[in-house]
Number of protein chains: 2
Amino acid sequence: MKAPTLADVARRAGVSYATADRVVNARGGVADARADRVRQAIADLGYVRNVAAANLSQGRVYRFVFVIPTGTNAFFLHLRMILGAVAPRLRLEKTELRIEDVAAFDAPSLVAVLRSLSLSPPDGIALVGIDSPEVAAAVADLTAAGVAVVTLVSDMPDSARHAYVGIDNCSAGRTAARLMGLAHARGPGRVLPVLGSLTARDHRERLAGFRAVLAQDFPQIALLPEFEGRDRAELVEQALARLFDRGEALSGIYSFGAGNSGLARALSRFEGTGNRPVVIVHELTPRTREALGTGNFDVVIDQRPGAEIALALATMRQISDRLPAAPIRPIIPAIIFQDNMPDPEDSALLDAAGLDHTTAPHGRQGGLT
Amino acid sequence: MKAPTLADVARRAGVSYATADRVVNARGGVADARADRVRQAIADLGYVRNVAAANLSQGRVYRFVFVIPTGTNAFFLHLRMILGAVAPRLRLEKTELRIEDVAAFDAPSLVAVLRSLSLSPPDGIALVGIDSPEVAAAVADLTAAGVAVVTLVSDMPDSARHAYVGIDNCSAGRTAARLMGLAHARGPGRVLPVLGSLTARDHRERLAGFRAVLAQDFPQIALLPEFEGRDRAELVEQALARLFDRGEALSGIYSFGAGNSGLARALSRFEGTGNRPVVIVHELTPRTREALGTGNFDVVIDQRPGAEIALALATMRQISDRLPAAPIRPIIPAIIFQDNMPDPEDSALLDAAGLDHTTAPHGRQGGLT
DNA sequence: GCCAAAATGATTGACGTCTATCAATTCCAT
DNA sequence: ATGGAATTGATAGACGTCAATCATTTTGGC
């Protein structure tokens, strides 16, 4: 009752091992009729090639590249730190990680990096999606060349990327609105959305989800026009300071871009007064962690970069292994209060749940031993 | 620059391959001095045995057993469904899953199952912890026999189990309290805790966390004595009905046992009145999902059984592989509103983040290629 | 110094796959 | 029919480990 090998397939198809091998490894030079018989035998026996044996024989090393924006954005710095921390261990698993820098929000720069990568293509590339036809074209070239391409954090649904690894940003925005509504259970309020840039798809989606739920379920909350902070802390701080100086009575802030240290500074004037607005932000960073702890922020929605990296790696490996694609589901964000902050040193680690094994099954085939 | 093999170790230690093999596989018959030289060579070279090659040569199959309580508890039914769904795919990875039934909350029954399993010990066992010296003794025997033992959902910190796979229940209770407090931002209230049984460690921890945060940060909320529903829906429904009939003005309910369908029925009397208490429950099930959708519950704290199973499998595999133990971190629960419910059919699947690769690294060794 | 026991070395076949080479067969166009 | 091309078969070595066997050396007790 053990798993069939390629030799079994060859025997069943009535061909030699060499011919069966030519078919499964697409080496060419096999007549159609024979190739069909081999494929039929594979289907009949349910043959799945033994990736471990294959990799052993080839001495295969996976080469994966993460293309990460540069700059002071705390989230991406965190992503880099995790990648650095897991790289040594991954080497034991014959996986080499490389980080390529790219300017943030800069399509031409991203295209240049992708083009340069295609000179000696790695096995897989993870990149933060940007809405741009040129980037989409570069991605298409890479996938055509057999590179596994996944989008990280922000998707490019209209490109040829194999999968998106990240949270459902619309759902995250809706969740933020629900939390905001919960905190306004017994009264009206005025809420300000602060974002990085409307050119980023993930930010657009969060805003749309936030708006939709507020409009539908919380008519007592007035939504102010969003402020575009361009991920720059000082801009955020200034804008809020001006608002507060004008005497604007804010009951809530939803900040879903970077630059939250500016937000924290602007809020310091409320310390001890007890009438600080409700503050919901994205991404657990040293700053937001601190603000949660001191009670200056209420909620952090974290996209769990460790889980994202783990899933990205597993996805790229699976594509490289030519395994039947398992459905990739979005990362479920963590909703964090001062009471359930994960251990800071743990957040440098990959998130639990192995992907070889944590691969989702195809359907409802059911049946235990 | 490739990874050292056992042949390299033998050469470095100045012994034959056979001797080195005797050491790493604990076959005995090696003089201490020589064994030490081999171990030194292993340390010097950083040798890590190639598990894939080893398994290939042995035709190894992992045998893992999940000991799951019987009964109508929706959460455990869900766990069983996930296990059934992933079993076929795991077989491709040379992993055989088996479920053993055990009566819920019943230490003698659990001991009997564990004893029977030790007759032909599997490679790993995952079980729901019960506070009991007899169970702890049975676990100790199993680990001594070389079985990888992990506790699932509820821990047994004083036993010899290798790891706990589940959420931090104290933190979950604190989170629930924070959410409850957020919803009471502008006024006092009376909150009722509903639990399954105080004999279950996970329930005790949730209650303790919930109490602590309410007492510390939300003095305006009065905490009623907890109700023990014994995971039985009809008991929960009756108790609440009596309470409401008496005119008790509840502003919040935190239910962290099973039997939430009874809670939903008891709450139906508030439909359309707009003054239903804030309801926070545990575990995403068909019932709680429905109640979230209709607006009868506000928040579900889900321990993500798919992620738990994935992590349990990865952990057992890692122990079986005699790999350096990576720290096991708690599962981060999902906080779910009507706005961010995961796709129902997805919840039958394992959670993302492969564990071979999603294994956490040891420390801060750092350094990319 | 002798003998048994213990320790060590040397080697082989298996696991399933990939790559490569060479020989043998079939096909097709002329 | 004949030659060249395309197809097919047979086989070997490599990957790193494990299990097993048998031969050889060393050790320790007397």
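Me: In this predicted model, which residue forms a salt bridge with B:R12?
Reply: The structure is a predicted model, not an experimental one. A salt bridge needs a side-chain nitrogen of Lys or Arg within 4 Å of a carboxyl oxygen of Asp or Glu. For B:R12 the closest N and O atoms of the pair are 3.1 Å apart, and the partner is B:D44.

Me: Which helices does this pair link, and how many residues apart are B:R12 and B:D44?
Reply: B:R12 sits in helix α1 (residues 6–13) of chain B, while B:D44 belongs to helix α3 (residues 32–45) of chain B. The pair therefore links distant parts of the chain, namely α1 and α3, at a separation of 32 residues.

Me: Is B:R12 buried or exposed?
Reply: A residue counts as exposed when its relative accessible area is over 50%. B:R12 has a relative accessible area of 51%, so B:R12 is exposed. Its partner B:D44 has 40% relative accessibility and counts as partly exposed. For B:R12 the answer is exposed.

Me: What parts of chain B does the salt bridge between B:E226 and B:R211 tie together?
Reply: The side chains of B:E226 and B:R211 meet at 2.8 Å, N to O. B:R211 lies in helix α9 (residues 201–217) of chain B, and B:E226 in the loop between β7 (221–223) and β8 (227–228) of chain B. The two residues are 15 apart in sequence, so the bridge ties together helix α9 and the β7–β8 loop.

Me: What is the relative accessible area of B:R211?
Reply: Partly exposed residues fall between the 20% and 50% limits. B:E226 is partly exposed, at 26%. B:R211 is also partly exposed, and its relative accessible area is 37%.

Me: Where in chain A do A:E205 and A:R201 lie?
Reply: The side chains of A:E205 and A:R201 form a salt bridge, 3.6 Å from N to O. The two residues are four apart, about one turn of the helix. A:E205 is partly exposed, because its relative accessibility is 27%. Both residues lie in helix α9 (residues 201–217) of chain A.

Me: Which residues are linked in a network of salt bridges with A:E205?
Reply: The salt bridge between A:E205 and A:R201 is part of a network. Besides A:E205, the network holds A:D131, A:R201 and A:R204.

Me: How many salt bridges are there over all chains?
Reply: The pairs described above include B:R12 with B:D44 and B:E226 with B:R211. Over all chains, the count comes to 46 salt bridges.

Me: Which residues come nearest to DNA strand D, and from which chains?
Reply: There are 27 residues around DNA strand D. Of the strand's atoms within 4 Å of the protein, 71% belong to sugar or phosphate. The residues that come nearest are A:T19, A:A31, A:R34, B:L6 and B:Y47.

Me: What does the side chain of A:T19 approach on DNA strand D?
Reply: A polar side-chain atom of B:Y47 lies 2.7 Å from a phosphate oxygen of strand D, and one of B:N25 lies 3.2 Å from a phosphate oxygen of that strand. For A:T19 the distance is 2.6 Å, and the group approached is a phosphate oxygen.

Me: Which element gives the most to the surface near DNA strand D?
Reply: The elements that give two or more residues are α2 (17–24) and α4 (51–58) of chain A together with α2 (17–24) and α4 (51–58) of chain B. By class, the residues of this surface divide into ten nonpolar, ten polar and seven charged. With four residues, the element that gives the most is α4(B).

Me: Which element gives the most to the surface near DNA strand C?
Reply: DNA strand C is surrounded by 27 residues, and the closest are A:L6, A:Y47, B:T19, B:A31 and B:R34. Helices α2 and α4 of chain A and α2 and α4 of chain B each supply at least two residues of the surface. The most, four residues, comes from α4(A).

Me: Which part of DNA strand C lies 3.0 Å from the side chain of A:S57?
Reply: A backbone N or O atom of A:L6 lies 2.7 Å from a phosphate oxygen of strand C. A polar backbone atom of A:N50 is 3.4 Å from a phosphate oxygen of the strand. For an N or O atom in the side chain of A:S57, the partner is a sugar or linking oxygen.

Terms used
Residues are numbered from 1 along each chain as its sequence is written. Chains are lettered from A and ligands numbered from 1 in the order in which they are written. This is a predicted model: local features need pLDDT of at least 70, side-chain atom pairs count only at pLDDT 80 or more; totals for chains, interfaces and linings use all residues. Side-chain values use heavy atoms; hydrogens and water are left out. A residue is near a molecule or strand if one of its heavy atoms lies within 4 Å of it. A polar contact is a pair of N or O atoms within 3.5 Å; within protein, one must be able to donate a hydrogen and the other to accept it, and residues adjacent in sequence count only if both atoms are side-chain atoms. Ala, Val, Leu, Ile, Met, Phe, Trp, Tyr, Cys and Pro count as nonpolar, Asp, Glu, Lys and Arg as charged, and the others, Gly among them, as polar. Buried means under 20% relative accessible area, exposed over 50%, partly exposed in between (1.4 Å probe, protein chains only).
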